[in-house]
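Let's walk through this structure together, one element at a time. Please have the sequence and the model open as you read.

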Amino acid sequence: MTELTSLRHIPNTKLFRKGDVFVLFGELFGRGYANGLIDEAREAGMTIVGITVGRRDENNALRALNEEELAEAEAKLGGRIINLPLMAGFDLDAPEGERNPTEMLAGLTLKGWQEEKLDWTAVERCREVGVRRFASSTAQAMAEIDKLIPDGSNVFFAHTMAGGIPKIKAFLAIANRIYKGRGERFMSSRELLDSDLGKLILMNFDEVTANTLQHLITASAAIRERITAKGGQVRYTAYGYHGSEILIDGKYQWQTYTNYTQGYAKMRLESIAQAAWAQGISATVFNCPEIRTNSSDIFAGVELSLFPLLAALKREGGGAWAEQQWTICQELLNDGVSLQSLIDQIEAYNNDPVSATFRNFDAWPMDNTPPLAEVMIGTSDEMTKLHKDRKALITDHLSALVLESAGPLMFYGASEKIAPVVWLNHDIIARQLNLLHP
């Protein structure tokens, strides 16, 4: 278990400048944490380069982007994309003539999924094919990127790969029960993790979320050696999640969303950065706070920890701008509902004995339970109903603020070389925001 290392100061080391190169190791699909880093790189005058995960054709074969897709991806990035498909994971990989893991589980049903068994020797062959494919493509991509990096420059590699859920029809229904179900619809996350389906998902999470950072570090070794030999510096960052500190009872306390199934892969990601750091490679996993994104929306209740950020903005020296955020959030609520009453409900939720049980850092990630689902998902539903419009939520606004703050904290924090794993909690998020909006 990684020691909780929280960022308590605003980093301001200005390492990167015009002519340096920023490499996004992942592809942009919507606005998320990566955009904040790209904004900082652009402001510093860096050359921006990216990769693509590629696309699947009608036979599920991996292909590069076509002209239209490439133009769209490069416009989103604001830089050049190396058009080699770097799709991580092995759920659609198999040796010639064999079934891939997704095909092995194609017959899965809601009734019998716990009993479905996999041939793990066959699965391992698929994993080896996927790993070989990804490692080879990453090496090719790095050889192309090497040509774009001039001697005397510094390089920032931003790893953004995450996920790995196989596209199995029955899984969406299972996930809805685990992450959104309560009462009769509740399903234990432990049931999933103990099943062969769950074990496959955890393996694929490791490959996509964690092991891709190791592939990046290995494949960019020649770039790193060339740059450092000429006096330049190289940094690697990755996005982690391992709970976060928010205001509870007037003090910052660590809490987490439960059950965070990707937690095991995120801890593996941390260990890869720690191993790289021990070898003198500046790789940092920044454990970021909970936000609402397209991919996190399946996790009902993950957004609840955002509300105390409003109190943190005032606590951390906020003035007129912090007050303005309260006004903006108040206006999103139904007439007659006060923002303070909502904040009070969240405080009561965080102090509920059931919720408090899960603030156990050493036991992370814990399994869900029926009482937790009742209080967490129930509170999430209640909060949503207090809004005028379900598509304009306070947590959307607060998520955008967290993204705005995390960009400079990561960009300058990586420059400063603080530690292999660093938590960005609500205190430093709020302080950075108040600095950005004096």
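The paragraphs below go from the sheet to the helices and then to the aromatic rings.

Keep in mind that this is a predicted model. A good place to begin is the open sheet of seven strands, whose pairing is parallel. Reading across it, you meet the strands in the order β5-β2-β1-β6-β7-β10-β11. At the edges stand β5 (80-85) and β11 (421-423); each has a single partner strand, so one side of each is left without a neighbour in the sheet. On average, neighbouring strands here are turned by 20 degrees against each other, direction ignored. As general background, strands of a sheet pair through backbone hydrogen bonds, either parallel or antiparallel.

Now zoom in on the β5 edge. Strand β2 (residues 47-52) runs parallel to β5, and four bridges join the two. To find one residue pairing, look at G50: its bridge partner in β5 is I81. Packed on the sheet is helix α4 (residues 120-146), which touches β1 (21-25), β2, β5 and β6 (155-159). The direction of α4 makes about 150 degrees with that of β5.

Contact between α4 and β1 brings us to the aromatic rings. The structure holds 13 aromatic pairs, and one of them is formed by F25 and F134. How are these two rings arranged? Their centres are 6.2 Å apart and their planes meet at 75 degrees; since edge-to-face pairs are those with planes over 60 degrees apart, the pair is edge-to-face. This pair links distant parts of the chain, with F25 in strand β1 and F134 in helix α4, 109 residues apart. Are F25 and F134 buried or exposed? Both are buried.

Next, follow the chain to helix α15 (residues 394-416). Its 23 residues reach 33 Å from the first C-alpha to the last, close to the 33 Å expected at 1.5 Å a residue. Of these 23 residues, 18 are buried, so α15 is largely enclosed by the rest of the structure. Just after the helix, K417 takes a positive phi of about 60 degrees.

Finally, look for a cluster of rings: F16, F22, F156, F411 and Y412 are linked by ring pairs. Y412 also has a lysine for company, as K14 lies over its face at 5.3 Å from the ring centre. Elsewhere, the ring of W326 has the charged end of K314 sitting over it, 3.8 Å from the ring centre.

How values were computed. Residues numbered from 1 in each chain as written. Predicted model: local features only at pLDDT ≥ 70, side-chain atom pairs only at ≥ 80, totals over all residues. Heavy atoms only, no water. Pairing = 2+ DSSP bridges. Axes fitted to C-alpha atoms, helices over the stretch in contact; angles between N-to-C directions. Contact = heavy atoms within 4.5 Å. Expected span 1.5 Å × (residues − 1). Buried < 20%, exposed > 50% of the residue type's maximum accessible area, 1.4 Å probe, protein only. Phe/Tyr/Trp six-rings, centres within 6.5 Å; stacked < 30°, edge-to-face > 60°. Lys NZ or Arg CZ within 6 Å of the ring centre and 35° of its normal.
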